[in-house]
Amino acid sequence: MTTGAPGNVADTTDDVPEQVPVEPAREVDGTLLRTEMTDAERRLLFEEQVLPEVDRLFGAAMRYTRDPTEAQDVVQEAVAKAFSSFHQFQQGTNLRAWLYRILHTTYISMYRKKQRRPQEALQESIDDFSFYDEARTGDSAEYEVLEQITDEHVKAALAELPEAFRMAVYLADVEGFAYKEIAEIMDTPIGTVMSRLHRGRKALQKALREYAVGHGLIDDDAPGGQ
Amino acid sequence: MGADVTDLAGQCSDESGNCQQALEELERYLDGELPESDLSTIRSHLSACYPCADRASFEEQLRAIIRERCAERTPPDLHDAIRRRLDTMASTS
């Protein structure tokens, strides 16, 4: 439901108390300030909209940092930053992509600096890898191979991926973001996202294949496994 | 895409021979990123070609497994810690 005087750009939700419009939104630093909301109302709206996302943000931060304590720190910091700039968030636009963009930049500013290393690459031959082709050569049906892959192994296989590939695959396959959203979150061109996704998925599949071989789920002499 | 795409064309049960095109587009198709105008071609190929359909189904299943296996248990005090942080921010602003 929309309340407020004509010219107000921000919607409020049903649960936000009735309010007296003060003045139309005013522009500050190129953004429209939600002047019609009190601090308490803004906090309430923030909690309603953002706190339900915290569990998923923590999952993402775990894949980013690979450490529960660091993941909590990143999420807390990202949520605090989101709260500070919540007045700039345009209601009705993509809240999840906005939050993940903040999480992404928060992670980079907190952790990547201190462990900066050159962008890791994946070997060229990864493009030719196909888990499907290899899984079909084993004794089990290929779908049985998939069912036997555990949480720990998927997490370990993701953790082995170079950072940029790991994040792209996570954002697409676990969070379900579109290429365009991932490009915005990671601040990279869409073509780069597509390439990282393609190669990252191949590398992830190769790591999962090694797990399947290690557990006797498929034969070690499957084609392309070396 | 690698050599596997070309090799697979020989296994195609759909005599239209569109395997190569379908497999090149498969990733974007499963990602929901193929333009509307290309959807009917790949869909009709997948419905006619068992090897390509089986590969597509495997890839889909693999993504579902990755999604399910990545679930994390949020530490019980994270939500409270965040609320306290917001309280602090509110009191100092």
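In the predicted model, helices α3 and α4 of chain A pack against each other at an angle of about 125°, with their axes 9 Å apart. Because angles of 65 to 115 degrees count as roughly perpendicular and those over 145 as roughly antiparallel, α3(A) and α4(A) are oblique to each other. Their crossing is right-handed. On the α3(A) side the contact is formed by E70(A), D73(A), V74(A), E77(A), A78(A), K81(A) and A82(A), and these meet L99(A), I102(A), L103(A), T106(A), Y107(A), M110(A) and Y111(A) of α4(A). Nine of the residues in this contact are nonpolar, one is polar and four are charged.

Helix α3, which spans residues 68-84 of chain A, also packs against α2(A), and the two axes come within 8 Å and cross at roughly 130°. This pair, too, is therefore oblique, and the crossing of α2(A) and α3(A) is right-handed. From α2(A), the residues V54(A), L57(A), F58(A), A61(A), M62(A), Y64(A) and T65(A) take part; from α3(A), the participants are P68(A), E70(A), A71(A), V74(A), V75(A), A78(A) and V79(A). The contact of α2(A) with α3(A) comprises 12 nonpolar residues, one polar residue and one charged residue.

At the level of domains, chain A is assigned a domain 1 covering residues 26-115 and a domain 2 covering residues 124-214. Nine residues of domain 1 and 12 residues of domain 2 make up the contact within chain A. On the domain 1 side, α2 (54-65) and α4 (95-112) of chain A each contribute at least two residues. The largest share of that side comes from α4(A), which supplies four residues. By class, the domain 1 side that touches domain 2 of chain A consists of four nonpolar, two polar and three charged residues.

Chain A further adjoins chain B, with 35 residues of chain A in contact with 29 residues of chain B. Two or more residues of the chain A side are given by each of α1 (39-50), α2, α3, α5 (131-135), α6 (142-147), α7 (151-160) and α8 (163-174) of chain A. Among these elements, α3(A) gives the most, with seven residues. The side of chain A that touches chain B contains 19 nonpolar, six polar and 10 charged residues.

Across this interface, α3(A) packs against helix α5 of chain B, formed by residues 78-92, at an angle of about 40° and with the axes 10 Å apart. The helices α3(A) and α5(B) are therefore oblique to each other, and α3(A) passes α5(B) in a right-handed crossing. Q72(A), V75(A), Q76(A), V79(A), A80(A) and F83(A) of α3(A) make this contact with L78(B), A81(B), I82(B), R85(B), L86(B) and M89(B) of α5(B). Nine nonpolar, two polar and one charged residue are found in the contact of α3(A) with α5(B).

Helix α10 of chain A, covering residues 190-214, has 25 residues. From its first C-alpha to its last, α10(A) reaches 36 Å, close to the 36 Å expected at 1.5 Å a residue. G216(A) follows α10(A) and has a positive phi, near 70°.

Methods. Residues are numbered from 1 along each chain as its sequence is written. Chains are lettered from A and ligands numbered from 1 in the order in which they are written. This is a predicted model: local features need pLDDT of at least 70, side-chain atom pairs count only at pLDDT 80 or more; totals for chains, interfaces and linings use all residues. Domain bounds come from an automatic or database domain assignment. Two residues are in contact if their C-beta atoms, placed from the backbone, lie within 7 Å. Ala, Val, Leu, Ile, Met, Phe, Trp, Tyr, Cys and Pro count as nonpolar, Asp, Glu, Lys and Arg as charged, and the others, Gly among them, as polar. Axes are lines fitted to C-alpha atoms, for helices over the stretch in contact, and angles run from 0 to 180 degrees between N-to-C directions. Angles under 35 degrees count as roughly parallel, over 145 as roughly antiparallel, 65 to 115 as roughly perpendicular and the rest as oblique. A crossing is left-handed if the near helix is turned anticlockwise from the far one by less than a right angle, and right-handed if clockwise. The expected span of a helix is 1.5 Å times one less than its number of residues.
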